[in-house]
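User: Please take a close look at one part of this model, beginning with a single position in the backbone. Then go on to the surroundings that can be described in the same detail.

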Amino acid sequence: MMHGGEVVERALAAARADETIVIVTDASEASLRWAGNSMTTNGASESRSWSVISILRDGPHAARVGGTGSTSVDPTEIEAVVRAAEEAARTAEPAADAMPLLDPGTAGAVAGPEWAGAVAHTGIEAFTGLAGELAVGFAGADRLYGFAHHQLHTTWLGTSTGIRRRWTEPTGSIEINGKRGAEGEQASAWVGAPTADFTDIDVTAMLAELSRRLDWNARRVDLPAGRYPTLLPPSAVADLLIPMLWSMDGRGAHEGHTAFSRAGGTRVGERLTDLPLTMYSDPAAPGLQYRPFVATSASSELVSVFDNGMAAGRVDWLHEGVIRSLVQPRSVAARFDTPVTTPGDNLLLTGGSEATLEQMIAGTERGLLLTCLWYIREVDPATLLQTGLTRDGVYLVEDGRVTAAVNNFRFNESPLDLLRRATEAGATEITLPREWKDWFTRTAMPPLRIPDFHMSSVSRAT
């Protein structure tokens, strides 16, 4: 198969549009699945996807854009894909986000020795150590179900203005669900972890935590809907805050139709919480690195094709409790005279104490511990109100310890309001979101204490 960098160069050489962008991504993936204490499936795959974006200029800030994608690995089809993109540009409406393309001098991106380097691959051998530890767990009485997934995505980006960028991004995760008891009355618990290469995954510790949570089901208490003092572990906090990041659209806020709008402007500069919390994205965050440049085949509210190749750096969305930034491509930043910011592919929340979740449980007189959230959906974009369900572990905390399992609930909460009402944040740790794991795995969150988490109704979910 032709090297991805060579596909970029051939497509650019065939281009006749005023400007052209080519993005190639090679994906190497492996997965492992188990159910009822037995391995069920495993597999590995290799694939390629690539896009050509053609730009026809009517001026530096006026252009029409057309794009075409392909999964072909046949080099004879490159020119046809380029022509299709150019035809799409000829019939396109003027682009609302038109800007001059970046060049290597402004983007700091030229072809280096890595451009033509070998491509990384993964396979089921990535799970060798994990499988051995799971086998020990399969010998126990609890029934184990789960999934491990590893991906290596190598992206090449080239533009007719001379930008050349390449990045290999590893993404991995493991989820284990444990069940105990008879069908219909069984207890269920979940644990998960993100990883780059599985060398840092301690399955034995994960199984021990599963067993501990299943032990908590020895006693069950049914509670009605209402507002409860609640502890949210890092995973649950991630699931609640990721939609907040996705909604931080600067243009929408300026135009008055998002939760970050206010009369005459945006909520940037507003204090959201009295806790000194900083929420940020950083492509260089240890253990959570992501592609440090923009690479997009289509424009949206959050990214622009005209920004392809632009460096992505740390952005503080919330700084010591104050809203600091919104996502603003160059066209939006120019229109509203605001800083350019790129969307983040990781999310970290810091500024809490050094308290662990265990210590926060020990300091709780009575409340709930929510270990998993799922089926989260937006109810009101103006307030970021979300609804969702608890699953695989709601527990009652009394006098500093977990004393029982509790029925599941439907909840209604806004992450903005949760941060405002939070009375304690603990130590930040890398965690895997449950609900959003298929789209977003790179998070580091603290546990949070919410004095009045809103359980709107009882759920029959198990």
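Analyst: **Backbone, sheet and side chains**

Tyr375 is found in strand β16, which covers residues 373–380. The model is a predicted one, and what follows describes that model. The phi angle of Tyr375 is near 50 degrees, a positive value in a residue other than glycine. Because its relative accessibility is 42%, Tyr375 counts as partly exposed.

Asp392 also has a positive phi without being a glycine, at about 55 degrees. Asp392 sits in a loop, between β17 (385–390) and β18 (394–398). Is Asp392 buried or exposed? Its relative accessible area is 3%, so Asp392 is buried; the limit for that class is under 20%.

Next comes the open sheet. It is built from 6 strands in the order β13-β12-β11-β14-β23-β22, with mixed pairing. At the edges stand β13 (322–323) and β22 (429–431); each has a single partner strand, so one side of each is left without a neighbour in the sheet. Strands of a sheet pair through backbone hydrogen bonds, and the pairing can be parallel or antiparallel. Between β11 (residues 278–281) and β12 (residues 315–319) the sense is antiparallel, over 3 bridges. One residue to look at here is Met279, whose bridge partner in β12 is Leu318. Helix α6 (residues 234–246) lies across β11, β12, β14 (347–350), β22 and β23 (443–445). Relative to β23, α6 runs at about 120 degrees.

The loop that leads from β10 (265–266) to β11 holds Arg271. With a relative accessible area of 46%, Arg271 is partly exposed. What does Arg271 touch, not counting residues up to four places away in sequence? The residues are Glu320, Gly321 and Val322, and β13, at an edge of the sheet, spans 322–323. A polar atom of the Arg271 side chain lies 3.2 Å from the backbone oxygen of Glu320. The backbone oxygen of Thr273 lies 3.0 Å from a polar atom of that side chain. In another direction, the C-alpha atoms of Arg271 and Ala62 are separated by 38 Å, with their positions 209 residues apart along the chain.

Ala62 leads to the N-terminal part of the chain. Residues 22–89 are covered by the annotation "domain: Metalloprotease TldD/E N-terminal", taken from an unreviewed UniProt entry. Over residues 22–89 the chain is 18% helix and 66% strand. The end C-alpha atoms of that stretch are 14 Å apart.

Glu169 offers a second set of side-chain contacts. Glu169 lies in strand β5 (residues 164–180) and is buried, because its relative accessible area is 16%. The side chain of Glu169 makes a polar contact of 3.2 Å with the side chain of Trp167. A polar atom of the Glu169 side chain also lies 2.6 Å from the backbone nitrogen of Arg291. Leaving aside neighbours within four places in sequence, Glu169 is in contact with Gln151, Leu152 and His153, as well as with Gln289, Tyr290, Arg291 and Arg442.

The last topic is the aromatic rings. A pair of aromatic rings is described by the distance of the centres and the angle of the planes. There are 8 aromatic pairs with ring centres within 6.5 Å. In one of them, Phe127 and Phe198, the centres are 5.1 Å apart and the planes stand at 85 degrees, so the pair is edge-to-face. This pair links distant parts of the chain, 71 residues apart: Phe127 in the loop between α3 (104–107) and α4 (128–138), and Phe198 in the loop between β6 (187–195) and α5 (203–215). Both Phe127 and Phe198 are buried. For Tyr228 and Phe409 the centres are 6.1 Å apart and the planes at 45 degrees, so that pair is tilted. Tyr228 belongs to strand β8 (residues 226–232) and Phe409 to strand β20 (residues 408–413), and the pair links distant parts of the chain, 181 residues apart. Tyr228 counts as buried because its relative accessibility is 12%, and Phe409 counts as buried at 0%. Finally, Trp246, Trp436, Trp439 and Phe440 form one aromatic cluster. Trp246 brings the description back to the sheet, since helix α6, which lies across its strands, covers residues 234–246.

Note on methods:
Residues numbered from 1 in each chain as written. Predicted model: local features only at pLDDT ≥ 70, side-chain atom pairs only at ≥ 80, totals over all residues. Heavy atoms only, no water. Pairing = 2+ DSSP bridges. Helix = DSSP H or I, 4+ residues; strand = E, 2+ residues; numbered from the N terminus. Contact = heavy atoms within 4.5 Å. Axes fitted to C-alpha atoms, helices over the stretch in contact; angles between N-to-C directions. Buried < 20%, exposed > 50% of the residue type's maximum accessible area, 1.4 Å probe, protein only. Polar contact = N/O pair within 3.5 Å; in protein donor to acceptor, adjacent residues only side chain to side chain. UniProt positions renumbered as here; feature names shortened; annotations may be inferred. Phe/Tyr/Trp six-rings, centres within 6.5 Å; stacked < 30°, edge-to-face > 60°.
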